Amino acid sequence: MRLLKDNGLTIALLALFAVCIAGQYIAGWYVELEDARRHAQPGLTLFAYAASPQFLSSVFENWESEFLQMAAYVVLTAFLIQRRSAESKDPDAPPRDDDLDRKAQERGAPSILRKGPLWRAIYARSLGLALILLFVASFTLHWINSAHASAQEALEHGETPKTVLAYLGDAQLWFESFQNWQSEFLSTAVLVVLSIFLRQRESPESKPVAAPNAQTGE
């Protein structure tokens with residue numbers, strides 16, 4: 001019970017992720033079978049579909065946009081503000097992470113902060129760096145699998161498929177990416193603005209219910 005209480009948010013989110021990706025997997029397989037039927041071709045088995053470029057491309061297409069959104073949000077909120085928003089730091093508050101040399105010696109501080117200036121600088125930006133790397137990895141896997149899916153389709157129509165490198169300049173790849181990226185940035189901007197006026201009781205993403213609209217930060 002303690003494990004569930006202390007990690008409930010992560011467990012709930014991962015459970016929702018598992019349900020949704022299973023739903024995408026099964027629904028996508030039925031779509032693939034229907035497409036094969038229309039072209040009078042044998043359909044993939046359920047297990048074969050899991051490794052197909054069609055499925056993997058769609059998965060990483062979505063992951064890349066989410067990691068891009070989170071990376072941009074984490075990095076931009078370090079420099080930019082939206083006054084009165086719960087999603088912004090308070091521009092009138094003192095810097096939170098100044099004098100890391102001294103704070104590294106405090107009880108409970110991560111030990112990596114005491115390994116020298118270079119490690120402090122890396123650790124101080126590690127969250128943004130990790131999210132950027134996850135975005136790059138997801139985009140690369142989306143690009144490669146989308147290129148393979150496009151090549152399969154070209155062969156089915158008697159056309160010459162593009163190489164993976166050439167596909168990097170294909171409009172289809174960028175259409176798939178931009179259609180997700182724009183929605184992520186819009187939804188984040190909406191959250192930033194709505195958190196000025198609206199509340200969610202007990203949520204760290206919201207100001208306290210009784211807090212004035214003029215307050216910036218949680």
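Me: What volume does the largest pocket have, and what makes it a pocket?
Reply: In this predicted model, the largest pocket has a volume of about 1300 Å³. On a 1 Å grid over the protein atoms alone, a pocket is an open set of points with protein on both sides within 12 Å along at least five of seven lines, whereas in a cavity a 1.4 Å probe fits but cannot get out. The volume is the space filled by probe spheres set on the points, which are joined across faces, edges and corners.

Me: What makes a residue part of the lining of the largest pocket?
Reply: A lining residue has an atom within 4 Å of a point. The largest pocket has 34 of these, with V74, A78, R96, D97 and A124 nearest its centre. Two or more come from each of α4 (53-79), α5 (100-103) and α7 (126-156); α4 gives the largest share, seven residues.

Me: Why is α4 called a helix?
Reply: Helices are DSSP runs of H or I with at least four residues, numbered from the N terminus, so α4 carries its number from that order.

Me: How are the lining residues of the second largest pocket divided by class?
Reply: They comprise 11 nonpolar, 14 polar and seven charged residues. Ala, Val, Leu, Ile, Met, Phe, Trp, Tyr, Cys and Pro count as nonpolar, Asp, Glu, Lys and Arg as charged, and the others, Gly among them, as polar. The largest share of this lining, seven residues, comes from α7.

Me: On what basis do the values rest?
Reply: Residues are numbered from 1 along each chain as its sequence is written, and side-chain values use heavy atoms, without hydrogens and water. Local features need pLDDT of at least 70 and side-chain atom pairs count only at pLDDT 80 or more, while totals for chains, interfaces and linings use all residues.
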